[in-house]
Every structure is written in C-alpha cells, then in structure tokens.
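Welcome! Here are a few short exercises to work through with the structure open beside you. Try each task before reading its solution.

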Amino acid sequence: MSDSRPVALDAMGGDHAPHEIVAGAVHAVRERKLPIVLVGSPRILYEALADHDATKEVPIVRAEEALAMDEGALASLRRPRSSIAIACHLVRRGDASAVVSAGSTAGIVATGRLRLKAQQGVLRPAIAVALPTLPTPTLLVDAGANAEVKPEMLVQFAHLGAAYAELAYDIPEPRIGLLTIGSEAEKGNKLVKRAHELLQSSPGIRFTGNVEGHDLLTGKVDVITTDGFTGNVALKTMEGAVRYAFGELAETIGESRIAKFGALMQRGRLRELRRRLDAEAHGGAVLLGLNGTVVIAHGSSRAPAISAACQVAADLSAGGIVARIGDRVAATHRSHRLW
C-alpha cells in the first residue's frame, strides 16, 4: 500500500533545526524515495536546501512562527501559525499524509490535539515508543502525553498499542502487559488494580498480566500500557542507564590492551548493539489516537534520525493506522453495549 501525499516535516522544530532537519528531508527524498514537504521559513529553508543542491527536490510551505524547544502546551494557542500547526493543517486538509517534528513534545501533543482532534471514541491520544527488544520491538504506551489518567484510559492505550504492533510489526495478537510494581494482580495503586481488572475482561486484548521496570527490555510482552508520568520516567531512566553502560564500557575498554583487542574482535556486534539501543535509530515516538499520523522525533535528532522518522510516518499512514485504531475503538464500544 502506498500514499503519494508527502510527509509534512516541521523544519523549525528540534535542537539542530533547520539544517539537520533539512538534511534529513533530503536523505528521505533521495535514499528512501519518500515525498517530503518542509514547513517553515522559506528564506531559511531555501538556503539550507541550496547547500544540498536540492531546491527543486523538496517543496516548502510557509510558516510564520516556530515553537521554541522550551515552550509547553500553551504555545499551541499562542502561536496558531507555527510550523507544527501548519504541518498539522496540511494533514487535516488532506494535502499531506503525516506530520513529523523534532520540536517540543508538549507543544506537538497540544497542537496535534487542537488541530487534528482525537479520533471518535478515543479518550486521550497517547505517545507510543518502540523499545529495542528482540525479535520485535516492545511498544511503551503512554510515554508522556498524559500524566494523569483513569483506568479506562490504560485499557484504551493497550488497544492503541496493539493496533500499532499489528500494523508496524505484523504481530497478529500482541501480548499486553500493565506496568506496575509487582507481577501479582494485587500489586499497585488503585489505578493499576482497577486497570488490571478491566484488561482481564476487555475483548480484543491478549492481556498477559503485570510487568515491572526490569521487564522493559526483555521482550516479555509486545505492548506495555501505563500512564504518561510513569512511562516517561521509565523511558528516560532506561535511556540514561544505556548511556551510562556504554560510557563505562568505553572507559573499561580504554584501560587495557587486552580489552581493546577483545573489543576489536567484537566491534561488529558492539556496533550493532549500539545501533539497536540508540533511541534515534527507531524513528521517534508516535502520537496515537488523532485524526492523522504524527511522529515525534527526539529533540536532538540529526539527519539520519529525521529520515527514519519520516519513513515511520509514511509507513504508518500508508498502512492505515488511523483506520485500524478507529476499528478497534468502535469494536470495543460495540462489545460494551452488548454487555
């Protein structure tokens, strides 16, 4: 399945915008054969494209403003003509297939909700992040969009993640886990305990029970559902631990000739491990539950990560992720009415 519409890339969002964003767009067009439209200041973007001799390959849509990386959710109201707002407008109008931005996560989530609206029946859109487990990634939902939730929302996050796992990783019946402080059903606060009860009886959900923090990278389940506060803390703790481990490994290797020789012999496997554990290599997070596909790249993304994020966005849009989520939510509502 393909979609000829371009991916709308917010060229002004990110720590290294616009030059790394533009370089990522050029890579996506030339190497991945994806149609891309850049959204931002035409003068700045034209100059950046000229550096790559790509002024005729990537079109530009004007945006008068940009959200700063330190701006929060209210910026979506203060800056109605921002580059991320215009990108969302292109999707809503049908002129683009998806949105990609490396800007402020809070600003992207708020602007997406405002411009694209939540799908019918979706209580809250949620951020899904692919954790680098084998043989397929594990999806963590929610990774930061909703700090305070209700038990019913955790059940719906499981459905959002299941739809993503089915489409992106061809998993027919994704295993669902609930993140809490113990594997036993009675472990956790009132929110988690009630969500556990609902997940056990929810149709269309293959609930395998609770998972803990040490299960994040084991591949024990395909989708982990949690509130955005817990999910974001867990995600950043894991990313920090990975960086620390690689830093310690590099220091240890540098301390002796034997260690250097061993690392040289295993350099291919070490390089592959680093690539697999690099958050930017997976194309960013996906904001699920909106009337449009939105991919949030890491704020520090360089060109390769931006290009990968555009690929994720194009693939999800072409695969009909919005329709799949809509079908799941509608089926859940129908089953509840039968009860």
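**Exercise 1. Decide whether Asp215 is buried or exposed, then find its charged partner.**

Step 1. In this predicted model, Asp215 has a relative accessible area of 10%. Buried means under 20%, so Asp215 is buried.

Step 2. Now look for the partner. Side chains of opposite charge can pair when their charged atoms come close. The side chain of Asp215 forms a salt bridge with that of Lys220, at 4.0 Å from N to O. The cut-off for a salt bridge is within 4 Å.

Step 3. Check the partner's surroundings too. Lys220 has a relative accessible area of 42%, so Lys220 is partly exposed.

**Exercise 2. Classify both residues in the salt bridge of Asp95 and Arg93, and do likewise for Glu184 and Lys187.**

Step 1. Asp95 and Arg93 join their side chains in a salt bridge of 2.5 Å, N to O. With 38% relative accessibility, Asp95 is partly exposed. Arg93, at 52%, counts as exposed, because exposed means over 50%.

Step 2. For Glu184 and Lys187, the salt bridge is 3.3 Å, N to O. Glu184 is partly exposed at 35% relative accessibility, and Lys187 is partly exposed with 33%.

Step 3. Place these pairs in the full count: the structure has ten salt bridges.

**Exercise 3. Check the length of helix α1, then work out what its buried residues pack against.**

Step 1. Helix α1 covers residues 19-30, which is twelve residues. The expected span is 1.5 Å times one less than the number of residues, so α1 should span 16 Å.

Step 2. Compare this with the model: the end C-alpha atoms of α1 are 16 Å apart, which agrees.

Step 3. List the buried residues of α1: Ile21, Val22, Ala23, Gly24, Ala25, Val26, Ala28 and Val29.

Step 4. Find their neighbours. The buried residues of α1 pack against two strands, β1 (7-10) and β2 (36-40), and against two helices, α2 (42-50) and α11 (303-319).

**Exercise 4. How many disulfides does the structure hold, and are Cys88 and Cys310 buried or exposed?**

Step 1. A disulfide is a covalent bond between the sulfur atoms of two cysteines. The cut-off to apply is a pair of sulfur atoms within 2.5 Å.

Step 2. The count of disulfides in this structure is zero.

Step 3. Turn to the two cysteines. Cys88 is buried, with a relative accessible area of 1%. Cys310 is at 0% relative accessibility, so Cys310 is buried as well.

Definitions and conventions
Residues numbered from 1 in each chain as written. Predicted model: local features only at pLDDT ≥ 70, side-chain atom pairs only at ≥ 80, totals over all residues. Heavy atoms only, no water. Helix = DSSP H or I, 4+ residues; strand = E, 2+ residues; numbered from the N terminus. Buried < 20%, exposed > 50% of the residue type's maximum accessible area, 1.4 Å probe, protein only. Contact = heavy atoms within 4.5 Å.
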